[in-house]
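Student: I have a chain to look over. Can we go through its charged pairs?

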Amino acid sequence: MEKVLVSACLAGVPCRYDGRARTAGAVAELVDGGHGVVVCPEGAGGLPTPRAAAEIVGGDGADVLDGRARVVDATGADRTAEFVAGARAALAAAEAAGARRALLMARSPSCGCGQVYDGTFGGTLRPGDGVTAALLRRAGIEVEAV
């Protein structure tokens, strides 16, 4: 079975912004079976756990990668550099393992696939990917939200 990149929080690692995990049984089984490559892009980008919630302002992850949008946390701090660095670290981990597929945390500004929060911190979703999901897609890796 091929290696699959997985969001660490889905594998049971308490690394979400709120310091908790969001364990998904199928993802944990992949990891337990030696097929999951565990990564938390936000931690890999240098952000602590717990940390202030963050959202993409002005677009989605592809826009962040292209310099048209930013990632801002709930305190107003610009966290774009950390999110881009974490996305690059996740891509490097996927490439090193030969992973061509990723199972990622839904709606996350890093890992969200197809939907992310709209940058208003009001709980409204918009179409688009998180920064890591967008970079993985650009590299030809299939991404799926869990």
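Student: Which residues are linked with D63 in a network of salt bridges?
Tutor: This is a predicted model. D63 belongs to a network of salt bridges. Its other members are D66, R68 and R138.

Student: How many salt bridges does the structure hold?
Tutor: The network is part of the picture, and other pairs come up below. For the structure, the count of salt bridges is 11.

Student: How many residues apart are D66 and R138?
Tutor: D66 and R138 form a salt bridge, with the closest N and O atoms 2.9 Å apart. The pair links distant parts of the chain. D66 sits in the loop between α3 (61–65) and β4 (70–73), while R138 is in helix α5 (residues 131–138). The separation along the chain is 72 residues.

Student: Is R138 buried, partly exposed or exposed?
Tutor: Buried needs under 20% relative accessible area, and exposed needs over 50%. R138 has 46%, so R138 is partly exposed. Its partner D66, at 38%, also counts as partly exposed.

Student: In the salt bridge of R79 and D73, what is the N to O distance?
Tutor: D73 is buried, with a relative accessible area of 6%. R79 counts as partly exposed at 27%. Their side chains meet in a salt bridge, N to O, at 3.2 Å.

Student: D18 and R16 meet in a salt bridge. Does R16 count as buried or exposed?
Tutor: D18 is at 26% relative accessibility, so D18 counts as partly exposed. R16 is at 13%. The cut-off for buried is under 20%, so R16 counts as buried.

Conventions
Residues numbered from 1 in each chain as written. Predicted model: local features only at pLDDT ≥ 70, side-chain atom pairs only at ≥ 80, totals over all residues. Heavy atoms only, no water. Salt bridge = Lys/Arg side-chain N within 4 Å of Asp/Glu carboxyl O. Buried < 20%, exposed > 50% of the residue type's maximum accessible area, 1.4 Å probe, protein only. Helix = DSSP H or I, 4+ residues; strand = E, 2+ residues; numbered from the N terminus.
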